[in-house]
Amino acid sequence: MHTKLITWLAAAMLLAPAAQAAQSNFPDKPVRLIIGSAPGSGPDIIARLAADHLYGAWGQRVVVDSRPGVGGILSAELALRANPDGYTWMMLTSQLFVATSVYPDLKFDLDKDFVSIALIGTVPFVQMVNAQLPVKSIADLIALAKKQPGKLRYGSAGAGASEHLSGVMFNRLTGTDMLHVPYKGIPQAIADTLSNEVQLTYAVYPAARPHIDSGRLRAIGVTTPKRSPALPNVPAIAEAVPGYAMYGWYSLVAPKGTPGPILAKTSEEVLKAVKDPAFGEKLKFLGIEVVAGGRKDLDTFRRNERKRVSELVKASGVSIK
């Protein structure tokens, strides 16, 4: 027994320097960043901006792996199957937080199975209607929806996604009855809003902007409690619907068990990117309010968001069975 213990300790002493060297050389191969949204979505746009910056800093690719579906739940299941060696990250968003408060019987615990890297920023959802719809304000939308109960349709990135909850809250607070149409990702919902298959949708500003700028979709409200600096002429829905509030956010996490030194190094570089004026301007251009929070900041933010989102979901009555 004594001999076995000595052998094990000797092996551990030999392996420790090798593990430390591997962590200090991180990254020495491409990193995989899994997102739970479709290409062209807000998380995809932000992930690719971050990937470009990190490639410039590290000389290693950050490969954005888009795995949309079930409000981001599929991406979390995939990330947890990966080796927690620091080479697999996941973009944690408000959408996944909502989904994990709605869907039953999950194969993971979002709060316990993922460790924080960095909080990037927050962003409003934009309530957009097809430009041919005779609606130019939130009041117009409410009036039309009440005149035609069950006729107007809104698209989302899937049942239980933030866009879905945004629509549910709007219906409940305004006494309207608009039909929810779920898609696999917000780009499809936007495409069908453009073709008038659905009459409106909610999308984070980075995904919404090109269609607002082109005039093909009309922005009539933002979901944040106050107006967004990116869309100063578009009212907050709360101005017409007191108590209405929803917003999106972006952060990076890794599977539990990822080495601490790698988490620290990654967090430091991501924060350096977000705080860089040029990078920050790109985020602001996309309507994102930069937060640049470290690991402990994101821990606190996640705890507060879990409480807030759970209360919102309970109050809204949204349930997926």
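In this predicted model, the lining of the largest cavity is made up, by class, of ten nonpolar, eleven polar and two charged residues. About 180 Å³ of space lies in that cavity, and a search of the whole structure finds three cavities of 30 Å³ or more. Among the 23 residues that line the largest cavity, those closest to its centre are Ser 37, Pro 43, Gln 95, Glu 163 and Val 204. The elements that give two or more residues to this lining are α2 (42–58), α4, α7 (162–174), β8 (200–204) and β10, and of the elements it is β10 that gives the most, with three residues.

To place these elements, it helps to step back to the chain as a whole. The secondary structure of the protein chain comes to twelve helices and eleven strands, and its C-alpha atoms fill a box of roughly 85 × 45 × 30 Å, taken along the principal axes. For 321 residues, a compact globule would have a radius of gyration near 20 Å, and the 22 Å of the protein chain agrees with this.

Six strands form an open sheet with mixed pairing, and their order across the sheet is β2-β1-β3-β10-β4-β11. Strands β2 (62–66) and β11 (289–293) are the edge strands of this sheet, each of them pairing on one side only, while the twist from one strand to the next averages 25 degrees. At the β11 end of the order, β4 (residues 114–123) and β11 pair in the antiparallel sense over three bridges, and Thr 122 has Glu 289 as its bridge partner in β11. Helix α4 (residues 94–102) lies across β3 (88–93) and β10 (248–255), running at about 80 degrees to β3; both α4 and β10 are also among the elements that give two or more residues to the lining of the largest cavity.

A further open sheet, this one of five strands, has the order β7-β6-β8-β5-β9, again with mixed pairing. Here β7 (179–182) and β9 (217–222) stand at the edges, and because each has a single partner strand, one side of each is left without a neighbour in the sheet. The twist in this five-stranded sheet averages 30 degrees from one strand to the next. Within it, β5 (residues 125–130) and β8 run antiparallel and are joined by five bridges, and the bridge partner of Val 129 in β8 is Leu 200.

Two helices can be followed across the strands of this five-stranded sheet. Helix α6 (residues 138–147) lies across β5, β8 and β9, and its direction makes an angle of about 100 degrees with β9. Helix α8, in turn, lies across β5, β6 (153–156), β8 and β9, running at about 140 degrees to β8. Strand β8 is thus a useful landmark, since it is crossed by α8 and is one of the elements that give two or more residues to the lining of the largest cavity.

From the cavity the reader can turn to the largest pocket, which has a volume of about 260 Å³. Of the 15 residues that line this pocket, Pro 124, Ser 228, Pro 229, Gly 287 and Glu 289 are the closest to its centre, and the elements that give two or more residues to the lining are β4 and β11. Glu 289 therefore links two parts of the account, being the bridge partner of Thr 122 as well as one of the residues closest to the centre of the pocket. By class, the pocket lining has seven nonpolar, four polar and four charged residues.Two details of the backbone remain, and both are found in loops. Most residues other than glycine have a negative phi, and most peptide bonds are trans. The peptide bond from Phe 26 to Pro 27, however, is cis, with omega near -5 degrees, and Pro 27 lies in the loop between α1 (2–24) and β1 (31–35). Asn 196, although it is not a glycine, has a positive phi of about 70 degrees, and its place is in the loop between α8 (186–194) and β8.

Technical notes:
Residues numbered from 1 in each chain as written. Predicted model: local features only at pLDDT ≥ 70, side-chain atom pairs only at ≥ 80, totals over all residues. Heavy atoms only, no water. Pairing = 2+ DSSP bridges. Helix = DSSP H or I, 4+ residues; strand = E, 2+ residues; numbered from the N terminus. Axes fitted to C-alpha atoms, helices over the stretch in contact; angles between N-to-C directions. Contact = heavy atoms within 4.5 Å. 1 Å grid on protein atoms, 1.4 Å probe; cavity = no way out; pocket = protein on both sides within 12 Å on 5 of 7 lines; lining within 4 Å. Points joined across faces, edges and corners; volume = space filled by probe spheres on them. Nonpolar A, V, L, I, M, F, W, Y, C, P; charged D, E, K, R; others polar. Rg over C-alpha atoms; globule rule 2.2 N^0.38 Å.
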